[in-house]
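User: I have a structure on the bench computer and would like to go through it in questions and answers. Please keep the replies short and end each on the value or name I ask for.

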Amino acid sequence: MSSTKHTSKRKQDDLSPSIKIRKPKKLQLDKKNKISNLFQIEFTPETYERILGDYRNIRVHSNDCVPNTFKLLGIIDEETAIKLANQNRDGFYDYQIYEILNNYVKERSFNKYKIDTLIQEETSSLKIESMLKDNHVTQILFRRPFPHSGHSTTVLKYKNQLHILDPQEKIYCIGIEKINEYITHHGFNSYVIFYVRENTEEEMDSKKTNTKKYTYRRQNRRNTKRRNTKRKNTNRRNRK
């Protein structure tokens with residue numbers, strides 16, 4: 001995974017209270033493609049109609065595009081977003097973003113799915129348009145030529161049209177033409193997207209085995225504590 005950091009300058013304008021995109025009940029893959037699918041979260045049309053006027057970013061510093069993106073996606077709440085931003089004032093590396101997304105996917109799917117790979121594409125061809133479902137949103141990491149930093153934002157599809165909603169800078173683009181203008185204006189030359197895949201049976205069994213071992217060791221520690229407590233109590237009675 002690249003060591004590119006994802007940061008960006010934000011616009012200083014007054015923003016309204018936030019509306020979070022609804023989390024799905026569970027993350028699913030198409031049955032036709034069990035290998036990997038684009039990571040994406042469903043949102044309601046009602047949320048779409050209100051989100052632009054009601055959303056505000058966390059405004060911690062100029063490199064907080066990643067926490068703002070996670071907050072908009074509903075992956076973390078505002079308090080956690082502010083904490084993440086304060087802990088990473090220089091931006092985020094790809095592996096940090098991967099870990100947060102992977103934990104979210106595994107938790108929401110009860111370890112059935114996980115983030116599989118990061119795919120890099122050139123901005124000249126937005127293949128993401130054909131992979132993103134209607135009324136769904138995903139995270140996208142735009143990159144600039146070295147040594148410039150990248151930028152995290154969201155791409156969504158509504159009424160079968162591609163949109164970019166940049167929660168940090170509060171920039172909204174509808175349609176390929178406007179999105180290309182946004183890409184050119186910010187100097188992006190490529191982007192990274194995340195794929196999800198179903199865990200194999202071996203991985204699921206491994207998870208169960210690890211859980212049992214952990215439970216067994218924890219129970220042993222409890223039993224040892226109980227024995228030590230009984231010995232102490234016995235010694236106290238004997239000393240009386």
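User: Which strand holds D166?

Analyst: This is a predicted model, so what follows is computed from its atoms. In it, D166 belongs to a strand that covers residues 161–166. That strand is β8.

User: Is D166 buried or exposed?

Analyst: A residue counts as buried under 20% relative accessible area. The relative accessible area of D166 is 0%, so D166 is buried.

User: Which residues does D166 touch, leaving out those up to four places away in sequence?

Analyst: In sequence, D166 and V155 are 11 residues apart, and their C-alpha atoms are 8.3 Å apart in space. V155 is not part of the answer here, which concerns residues that D166 touches. Those residues are H151, T153, I171 and Y182.

User: With which side chain does the side chain of D166 make a polar contact?

Analyst: The side chain of D166 has a polar atom 3.2 Å from the backbone nitrogen of Q168. For a side-chain partner, the distance is 2.8 Å, and the residue is Y182.

User: How many residues does the largest nonpolar core have, and which elements give two or more residues to it?

Analyst: The largest nonpolar core has 31 residues. F39, F70, I75, I97, L101, I115 and F194 have the most contacts inside it. The elements that give two or more residues to this core are α2, α3, α4, β5, β6, β7 and β10.

User: Which residues of another core, apart from that one, can you name?

Analyst: In soluble globular proteins, nonpolar side chains tend to be buried together. Here a core of 18 residues lies apart from the largest one. Among its residues are L38, I164, I171 and F188.

User: What is F194 in contact with, beyond its neighbours within four places in sequence?

Analyst: F194 is one of the residues with the most contacts inside the largest nonpolar core. Its place is in β10, residues 190–198. The contacts of F194 are N37, L38, F39, I97, Y98, L101, I115, T117, L118, Q139 and L141.

User: How many residues of β10 are buried?

Analyst: β10 has nine residues and is mostly covered. The number buried is eight.

User: Over how many bridges do β5 and β10 pair?

Analyst: β10 is joined to β2 by two bridges, with the strands antiparallel, and to β6 by three, also in the antiparallel sense. In the β6 pairing, R143 stands opposite S190. β5 and β10 pair in the antiparallel sense too, and the number of bridges is eight.

User: Which residue in β10 is the bridge partner of I115?

Analyst: N37 has V196 as its bridge partner in β10. For I115, the partner in β10 is likewise V196.

User: Why is α2 described as largely enclosed by the rest of the structure, and which of its residues are buried?

Analyst: Nine of the nine residues of α2 are buried, so this helix is largely enclosed. One of them, C65, has a relative accessible area of 0%. The buried residues are C65, V66, P67, N68, T69, F70, K71, L72 and L73.

User: What span should the 15 residues of α4 have, and how far apart are its end C-alpha atoms?

Analyst: The buried residues of α4 include I97, Y98, L101 and V105. Its expected span follows from 1.5 Å a residue and comes to 21 Å. The end C-alpha atoms agree with that, being apart by 21 Å.

User: How many disulfides does a search of the whole structure find?

Analyst: A disulfide is a covalent bond between the sulfur atoms of two cysteines. C173 is a buried cysteine, because its relative accessibility is 7%. The search of the whole structure nevertheless gives a count of zero.

User: Which residue just after α4 takes a positive phi?

Analyst: Most residues other than glycine have a negative phi, and most peptide bonds are trans. After α2, the residue with a positive phi is G74, near 85°. Just after α4, a phi of about 55° is taken by F110.

User: Is N160 buried or exposed?

Analyst: N160 lies in the loop between β7 and β8 and has a positive phi of about 60° without being a glycine. Its relative accessible area is 60%, and the cut-off for exposed is over 50%. N160 is therefore exposed.

User: Where does P147 lie?

Analyst: The peptide bond from F146 to P147 is cis, with omega near 10°. P147 is in the loop between β6 and β7.

Technical notes: Residues numbered from 1 in each chain as written. Predicted model: local features only at pLDDT ≥ 70, side-chain atom pairs only at ≥ 80, totals over all residues. Heavy atoms only, no water. Core = buried A, V, L, I, M, F, W, Y, C linked by side-chain atoms within 4.5 Å. Buried < 20%, exposed > 50% of the residue type's maximum accessible area, 1.4 Å probe, protein only. Helix = DSSP H or I, 4+ residues; strand = E, 2+ residues; numbered from the N terminus. Contact = heavy atoms within 4.5 Å. Pairing = 2+ DSSP bridges. Polar contact = N/O pair within 3.5 Å; in protein donor to acceptor, adjacent residues only side chain to side chain. Disulfide = S-S within 2.5 Å. Expected span 1.5 Å × (residues − 1).
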